[in-house]
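Me: I'd like a close look at one part of this model, with the cut-offs spelled out as you go. Here it is.

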Amino acid sequence: MSRPLLLVALALLALCLALLAGIAIGETRLSVEVIWQVLANHLWQAGYSPDPIDAGIVWNYRLPRTLVAAACGAGLAMCGVILQALLRNPLADPYLLGLSAGASTGAVAVGLLGLGGATLTLSGGAFTGALAAFALVLALSRASGSSPHNAQVILAGIAGSQLFNALTAFLITKSATAEQARGILFWLLGNLSGVRWPSVWLAVPTALFGLVVCLWYRRALDAFTFGADSAASLGVPVRRTQLLLISCAALVTAVMVSIVGAIGFVGLVIPHALRLLLGPGHNRLLPASALGGALFLIVADILSRTLIAGQVIPVGVVTALIGAPLFALILISRRGHP
């Protein structure tokens, strides 16, 4: 077997093992045999007779939850790669640039106020909010006279995030009942508890679409690593490519946020860690980041269900607890590098 095929096989094996762990581990431990029987019954009508409660846990709860965790982790990590390449800023990610905050505001506005009527879904509202947030960040950074890769972009992103977070809090305070407010606040911290199969059919195709688009433009992303002028000199249609890839990042972020809420550090830590291991080439970095993000969020979801007996911690809290120390280690390892 050639080396590329071996790497693909190992990646698929790691993903399958992570999915299996996500299904098996929880308050109720399930054996591999039970999981296999349930999957075989649903996929091939195998005729096994597992315990009905165990079968319901596997098929209706843990399997869709784990698949959505993998899709969201992959999508957010890819968005981090895109934004870091286009903006030439190592701190760029959907959370810091306000995409997640804007998507949260858009989703809450549609869910609570019914904005858009029947024409705008929760994901559509999140997409609109994400684009509005990024447009605000770019406008603020340009008004400050900074170049696209300047640290001012991150400062503008922080300001935009705070603004949209405040708008979300205002909408919740003004329009939500006490029960709605509790549910929304738990969702905003990152929540996979309510995920079912309809969320799988939305999250997985969106993540795959984002990966295909990113891989199609992998050479353009390599060119953007050296700046927009260098990309233009290499024949890359700069404005069109930037618009398409930023829209793709906003779409993927919006869909994931509308399903699981705002989850930080995935789009920041995973691309950094894998760039240190594999180098800056997007031909390898993009699929590796997608895989790394999927594994990271599956592990975070398992921890969110098992760290405290009888309770579920918001998965965004777990990603922050893991991601912040990891990012500190990455910063230390990059000491002396630009």
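How far is the sulfur of C248 from the closest cysteine sulfur, and which residue holds that one?

Reply: Quick caveats before the cysteines. This is a predicted model, so local features need pLDDT of at least 70 and side-chain atom pairs count only at pLDDT 80 or more, while totals for chains, interfaces and linings use all residues. Residues are numbered from 1 along each chain as its sequence is written, and side-chain values use heavy atoms, with hydrogens and water left out.

Now your pair. The closest cysteine sulfur to that of C248 sits in C214, 4.8 Å away, which is too far for a bond. The cut-off here is simple: a disulfide is a pair of cysteine sulfur atoms within 2.5 Å. The structure holds zero disulfides, and C214 is accordingly in none, with the sulfur of C248 as its nearest cysteine sulfur. Both partners are tucked away: C214 is buried at a relative accessible area of 1%, and C248 is buried too, at 6%. (Buried means under 20% relative accessible area, exposed over 50%, and partly exposed in between, using a 1.4 Å probe and protein chains only.)

Next, the packing around helix 11, residues 238-260. Helices here are DSSP runs of H or I with at least four residues, strands are E runs of at least two, and both are numbered from the N terminus. The axis of helix 11 comes within 8 Å of that of helix 5 (residues 122-143), and the two cross at roughly 130°. Axes are lines fitted to C-alpha atoms, for helices over the stretch in contact, with angles from 0 to 180 degrees between N-to-C directions. The pair is therefore oblique; under 35 degrees would count as roughly parallel, over 145 as roughly antiparallel, 65 to 115 as roughly perpendicular, and the rest is oblique.

As for who touches whom, contact means heavy atoms within 4.5 Å. On the helix 5 side you'll find, among others, L122, F127, L131, F134 and R142, and helix 11 brings residues including R239, I246, L251 and V255. The contact residues split into eleven nonpolar, three polar and two charged. Nonpolar covers Ala, Val, Leu, Ile, Met, Phe, Trp, Tyr, Cys and Pro, charged covers Asp, Glu, Lys and Arg, and the others, Gly among them, are polar.

For another buried spot, try Q37 in helix 2 (residues 32-44). Q37 has 14% relative accessibility and so counts as buried, and its contacts are Y48 and P50, leaving out residues up to four places away in sequence.
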